[in-house]
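Good morning, colleagues. Please take a moment with the sequence and the structure before I go through the charged pairs, the cores and the overall fold.

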Amino acid sequence: NHLVRYNGQAYEVKYRNLNVDASGRTTLATEGMNVQEFPFWDAGKTSAETYWRIKNTYTGPARRAGEALLIVDPLDIGTKDRRAWTYLPGQRRVKVAPDLSHDTPNPGTAGGNTFDDIFIFIGSMERFDFKLVGKKEMIVPYNAYAAVYQAKQDALVKPNHLNPDLVRWELHRVWVVEATLREGKRHVYSKRTFYLDEDSWAALASDQYDARGQLYRAG
């Protein structure tokens with residue numbers, strides 16, 4: 001339900017990924033143009049083979065300018081694999097990139113998350129066993145219009161946290177889903193807990209645990 005949640009049919013944005021280190025210093029990871037399509041929700045189609053397509057064209061930093069990637073996820077992602085390609089200006093060629101999935105570090109965030117951390121979770125579910133834990137009320141990020149549409153970079157990105165005056169949290173009912181690493185599968189996370197909005201089916205938050213069972217990252 002989360003993977004095929006409603007996102008409209010398509011959108012294009014100019015984006016910037018920033019990393020903030022322990023000293024509060026902000027570093028540009030990547031910036032560029034991002035085009036996403038959701039064929040599953042295209043009212044002009046009677047059927048769809050994919051639910052998500054994304055194309056990133058990097059414009060910065062200078063060493064990444066001109067690089068690009070394309071990812072296509074099939075609607076039947078349980079039996080079909082993701083297709084992905086990259087373009088590197090130095091090689092002047094497009095290459096198939098099957099590793100742009102699962103726990104491969106995401107170069108778009110300078111390795112700050114994995115490819116399947118995008119949108120809290122994206123892609124194949126085959127490496128985890130998923131269990132519906134139940135439903136509860138929880139304070140979650142919601143209707144953060146000031147942060148998404150109005151905030152300037154320096155006003156939003158602060159040393160220890162996004163500016164509390166610009167982010168918004170609300171009390172909502174969420175479905176709790178626990179994902180445990182499947183026997184024989186490999187991933188940097190041994191367990192993940194997802195919190196899905198009851199109204200939109202979007203996963204709003206997550207907890208990720210390392211191989212020792214310690215909390216490693218949050219989404």
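**Charged pairs and nonpolar cores**

I begin with a salt bridge between Asp-117 and Arg-192, whose closest N and O atoms are 3.1 Å apart. This pair links distant parts of the chain: Asp-117 belongs to the loop between strand E6 (93-96) and E7, Arg-192 belongs to strand E9, and 75 residues separate them. Both Asp-117 and Arg-192 are buried. I should say at once that this is a predicted model.

A further salt bridge joins Glu-198 to Lys-135, with 2.8 Å between the closest N and O atoms. Here too distant parts of the chain are linked, since Glu-198 sits in the loop between E9 and strand E10 (203-209) and Lys-135 in strand E7, 63 residues apart. Lys-135 has a relative accessible area of 43%, and is therefore partly exposed.

The side chains of Arg-16 and Glu-31 also form a salt bridge, at 2.9 Å from N to O. Because Arg-16 is in strand E1 (residues 10-20) and Glu-31 in strand E2, this pair ties together parts that lie 15 residues apart in sequence. Which of these two partners is buried? Glu-31 is, at 16% relative accessibility; Arg-16, at 45%, counts as partly exposed. There is also a network of salt bridges that links Asp-103, Glu-126, Arg-127, Lys-185 and Arg-186. The total count of salt bridges is 16.

Let me turn to the nonpolar interior. The largest nonpolar core has 25 residues, and those touching the most other members are Tyr-51, Trp-52, Ile-71, Leu-100, Ile-122 and Phe-194. Two or more residues of this core come from each of E3, strand E4 (68-74), strand E8 (169-181) and strand E9 (191-197). E3 gives the largest share, 4 residues. Another core lies apart from this one; it has 9 residues, including Met-138, Tyr-142, Val-174 and Ala-205.

Tyr-51 deserves a closer look. Beyond four places in sequence, the residues that Tyr-51 touches include Leu-3, Val-4, Phe-38, Phe-40, Asp-73, Leu-75 and Ile-122.

Next, consider Val-140, in strand E7 (residues 128-141). Is Val-140 buried or exposed? Its relative accessible area is 1%, so Val-140 is buried. Setting aside neighbours within four places in sequence, Val-140 is in contact with Arg-168, Trp-169, Glu-170, His-172, Val-174 and Leu-204. From Val-140 to Arg-168 there are 28 residues in sequence and 8.4 Å in space, C-alpha to C-alpha.

On the surface, Tyr-6, Phe-40, Trp-41 and Leu-75 make a nonpolar patch of about 400 Å². Of these, Trp-41 is found in the loop between strand E2 (26-37) and strand E3 (50-60). With a relative accessible area of 33%, Trp-41 is partly exposed.

Finally, the chain as a whole. It contains 2 helices and 11 strands, in the order β-β-β-β-β-β-β-α-α-β-β-β-β along the sequence. How does its radius of gyration stand against that of a compact globule? For 219 residues such a globule would have a value near 17 Å, and the 18 Å of the protein chain agrees with this. The C-alpha atoms fill a box of roughly 50 × 45 × 45 Å along the principal axes. Of the 219 residues, 39% are buried. The accessible surface is about 13,200 Å², with 51% belonging to carbon and sulfur atoms. Among contacts between residues at least 6 apart in sequence, 48% join residues at least 24 apart.

Note on methods
Residues are numbered from 1 along each chain as its sequence is written. This is a predicted model: local features need pLDDT of at least 70, side-chain atom pairs count only at pLDDT 80 or more; totals for chains, interfaces and linings use all residues. Side-chain values use heavy atoms; hydrogens and water are left out. Patches are made of residues with over 30% relative accessible area and no salt bridge: like charges are joined within 9 Å, nonpolar side chains (Val, Leu, Ile, Met, Phe, Trp, Tyr) within 5 Å. Accessible areas come from the Shrake-Rupley method with a 1.4 Å probe; for residues, only the protein chains shown count as cover. A salt bridge is a side-chain nitrogen of Lys or Arg within 4 Å of a carboxyl oxygen of Asp or Glu. Buried means under 20% relative accessible area, exposed over 50%, partly exposed in between (1.4 Å probe, protein chains only). A nonpolar core is a set of buried Ala, Val, Leu, Ile, Met, Phe, Trp, Tyr and Cys residues joined through side-chain atoms within 4.5 Å. Contact means heavy atoms within 4.5 Å. The radius of gyration is taken over C-alpha atoms; the globule rule is 2.2 Å times the number of residues to the power 0.38.
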